[in-house]
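Biologist: I am new to this structure and would like a close look at a single part of it. Could you take one helix and explain carefully how its residues are placed?

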Amino acid sequence: MSSNKDADPTLGYLTRKDTEVKLPRPTRVKNKTPAPIQITAEQILREARERQEAEIRPPKQKITDPHELNDYRLRKRKEFEDLIRRVRWNISVWIKYAQWEESQKDFNRARSVWERALEVDYRNHTLWLKYAEVEMKNKFINHARNVWDRAVTLLPRVDQLWYKYIHMEEMLGNVAGARQIFERWMGWMPDEKGWLSYIKFELRYNEVERARKIFERFVQCHPKVGAWIRYAKFEMKNGEVARCRNVYEKAVEQLFEDEEAEHLFVAFAEFEERCKETERARCIYKFALDHIPKGRAEDLYRKFVAFEKQYGDKEGIEDAIVGKRRFEYEDKVKKDPLNYDAWFDYIRLEESVGTKERSREVYERAIANVPPAEEKRYWQRYIYLWINYALYEELDAGDMERTRDVYRECLKLIPHEKFSFAKIWLLAAQFEIRQLNLKGARQILGNAIGKAPKDKIFKKYIEIELQLGNIDRCRKLYEKYLEWAPENCYAWSKYAELEKSLSETERARSIFELAIAQPALDMPELLWKAYIDFEISEGEFERTRELYERLLDRTKHLKVWISYAKFEASAMEETDLEEEKKACVLHARRVFEKAINYYRTSAPELKEERAMLLEEWLNMEATFGELGDVSLVQAKLPKKLKKRRQIVAEDGPVGLEEYFDYLFPEETQTTNLKILEAAYKWKKQKRSSDED
């Protein structure tokens, strides 16, 4: 009894005691100090693997009679049922159970297991597949159909179920049934593979018209470029050229703005090319390049260039090559219409091609992008678009009326109250002069002076009138110029120069007098120099001397003193009399002495200027020859001393720097006197202390 009690049905006639593995008792570790030779984990694992005993398996049971078979089945079913109760959600257990029942040829029980499994998780399409495969394998066709029908009804979005169902019907030769299943499936609008499998199915049975109708439904369900191209290729394969073209045309109507439209146009053009319709293909390429953005048309452009090289003439090839750059510029100006550099590059490209219409179109589009703010810095680049447009119309297109219109519109557009551009006024006037329209040029320049007077406009207008010999107009313009800018020394000088060139000496002198009487001048030194040079050129030495004296009342600059002295010395060259030459030398010396006296008394800190003045005097005395007296100046020359001074920054002294100082003779004497005085005081103090 005990042996029967201990016996395990899975182990045959062996008891648990017979199959028990006896492990050695663990020994206590007495010495816990580390061993001299350490054992690695790898060695321990390898040793454990080597010492591992073979797995004990129960012996195979041979079934010899129906009773034993029933016992085995009962035991096996009990195991499966127990396992299912524990892990009901584990579908693999259900599948094994059902397949075991199938292996026992008990199909009713197997179906029962499958149905119970489907109650647990009918969404698991693997269950349906396995269930249907079992029915098909055992040739229960109607049962299989029932399973497939339920599966596709419950899980219509699982494509594999439809494929398997259709495949079964097709293998059975039930084409009508397979077609009916396809129609049911297409009602759910599956992906492209489902539609294509339906089309292939019809083509296998040479049902071309049916396939065509399916394609029409397919492109409506999936209106994508790939679907239309497949449809067109299907028609082409069947030799239906007209139908194929019709398909492409419909596709272009619907998808010319699609992201993948490039592939559609390429396929359409290649189709026309195969049909020897080169003009149609060219039109398709050009239409595509005009409508597809640059970033998505690389392949399209490459194909177009290859097409033109194969079929086009010289002009067509050049146009294709220019097309890529044109495409790039179009993309740039669409992204940023105020990028005037991109417009310039685009215009230059069109001008190089030489088509007037396209060039004008780009110019018009460019000038339409007016700067958003009325500030000159935003307009400076923009205004050159107008200038280039006008020059293009005049020089390249030869259309003078359009040129005049361009200048007129440009001048209307500029807000002259805030800012203006002298360049555009002058270019417009010069254009009218080239057209021999002097009245028009004067009108433009007069408007310029009235609306936006500028130096350049006055200068150019005066220059034009002077070339034409209209002196009275020049005088009026100079008067307007000086009314607008009375501080402009250039204008005063040029006005006086004009009068001098006309031998109007008194007029020129009066203009100079008016000029130097102005309260504010931008460059007075140039004006005074021009006045002095004018009087010298007229031989008016007394007037010149008087001018220098008046100038010295205003400024005591070093250059004025030197220029005055040189003027006095230069008078020697105008005479051959010895007495007059001596007088000139004395005048020059008098100027230098006055200058030295001024620097010594009124500006003692300007030592460097004083030293430079003495050097000039010394050089001048040397040029006088016998009349000169170098020793007169040498006695006044200073000593040049190199000194050091401290450099002081915001945070304190940072170092020393060298500089040159000048010690003049009178300063030397003063220094010596101060030293003697200090010594005398010290001696007197010492004597008084000794007496005490």
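Modeller: Please keep in mind that this is a predicted model. In helix H4, the residues Arg77, Phe80 and Ile84 are buried, and, seen down the axis of H4, the buried residues fall within an arc of 65°, so they line one face of the helix. The spacing along the chain helps to explain such a pattern: an α-helix has 3.6 residues a turn, so residues three or four places apart point the same way. The buried residues of H4 pack against two other helices, namely H5, which covers residues 91–103, and H6, which covers residues 107–120. On the other side of H4, by contrast, His67, Leu74, Lys78, Arg85 and Arg86 are exposed, where exposed stands for a relative accessible area over 50% and buried for one under 20%.

The length of H4 can be checked as well: the helix runs over residues 66–86, and because each residue should add 1.5 Å, its 21 residues should span 30 Å, which agrees with the 30 Å found between its end C-alpha atoms.

To set this helix in its surroundings, the protein as a whole has 36 helices and 2 strands, and buried residues make up 36% of its 692 residues. Among the contacts between residues at least 6 apart in sequence, 47% join residues at least 24 apart. The accessible surface of the protein comes to about 43900 Å², and carbon and sulfur atoms account for 50% of that surface.

Methods:
Residues are numbered from 1 along each chain as its sequence is written. This is a predicted model: local features need pLDDT of at least 70, side-chain atom pairs count only at pLDDT 80 or more; totals for chains, interfaces and linings use all residues. Side-chain values use heavy atoms; hydrogens and water are left out. Helices (H or I, at least four residues) and strands (E, at least two) are DSSP runs, numbered from the N terminus. Buried means under 20% relative accessible area, exposed over 50%, partly exposed in between (1.4 Å probe, protein chains only). Contact means heavy atoms within 4.5 Å. Accessible areas come from the Shrake-Rupley method with a 1.4 Å probe; for residues, only the protein chains shown count as cover. The expected span of a helix is 1.5 Å times one less than its number of residues. The arc is that of the directions from the helix axis to the C-beta atoms.
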